[in-house]
Amino acid sequence: MATHILCVCGSSSKDSRTRKLLEIAAVGARAAGAETASLDLREVVLPLMDPDSEEQKSVPAVKRVLETAAWAEGFLIATPEYHGNQSGALKNWFDFLYPELAGKVAGVISSTGGGGGEMSIVSVKNSFNWCHGFTLPFHVAARGADWEGETLKNDAIGEKLRQTLGATIDP
């Protein structure tokens, strides 16, 4: 039976390089035998999490987030780096989850304009780990210099993306 991997895109940008990186990693996960599903936080717009609201659990976007995270056995999580952090959309996604992430594994991907992506990667790993999930010790970040227009030109990053979660899927 195939491992279920949820690919979560934390970018709200229409022409997101983060989304492109996640798509490359998803190809690698499928090549390793995984069944993938996508959750794009540009399309699935969540309300700000209100811990006192019982009504939020019936909001279609919240239901989708809870159901897809529960379905997943592992995650590929991609975020742009905004001011040294993960995107607000992705942080809000984490706020709705806890038991759905506990005991599961995630690979982390970042897209950044000029820095190395370390801060957003650490932020995502911290959020996932605080939900008692496990993040892979390796991760991938692509800088603006790694692109030519909308095409990823750094072959080493492309290869690392394809391998990000494959090693944990292949028995």
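**Aromatic pairs and the buried side of α2**

In this predicted model, F75 and W93 are both buried. Their ring centres lie 6.1 Å apart with the planes at 70°, so the pair is edge-to-face. Since F75 belongs to strand β3 and W93 to helix α3, the pair ties together parts that are 18 residues apart in sequence.

A second pair is worth a look alongside it. The rings of F94 and F128 have centres 6.5 Å apart and planes at 80°, so this pair too is edge-to-face. It links distant parts of the chain, with F94 in helix α3 and F128 in helix α4 (residues 118-130), 34 residues apart. F94 counts as buried at 3% relative accessibility, and F128 is buried as well, with a relative accessible area of 0%. F75, W93, F94 and F128 form one aromatic cluster. The count of aromatic pairs comes to four.

Helix α2 offers a view of the packing from another element. This helix, residues 60-71, has twelve residues and reaches 16 Å from its first C-alpha to its last, close to the 16 Å expected at 1.5 Å a residue. Its buried residues are A61, V62, V65, T68 and A69. They cover an arc of only 140° around the axis, which puts them on the same side of α2. An α-helix has 3.6 residues a turn, so residues three or four places apart point the same way. On the other side of α2, P60 and E67 are exposed. The cover over the buried residues of α2 includes β1 (4-9), β2 (35-40), β3 (74-80) and α3 (88-95). Of these elements, β3 also carries F75 and α3 carries W93.

Notes: Residues are numbered from 1 along each chain as its sequence is written. This is a predicted model: local features need pLDDT of at least 70, side-chain atom pairs count only at pLDDT 80 or more; totals for chains, interfaces and linings use all residues. Side-chain values use heavy atoms; hydrogens and water are left out. Helices (H or I, at least four residues) and strands (E, at least two) are DSSP runs, numbered from the N terminus. The expected span of a helix is 1.5 Å times one less than its number of residues. Buried means under 20% relative accessible area, exposed over 50%, partly exposed in between (1.4 Å probe, protein chains only). The arc is that of the directions from the helix axis to the C-beta atoms. Contact means heavy atoms within 4.5 Å. Rings of Phe, Tyr and Trp (its six-membered ring) pair if their centres lie within 6.5 Å; planes under 30 degrees apart count as stacked, over 60 as edge-to-face and the rest as tilted.
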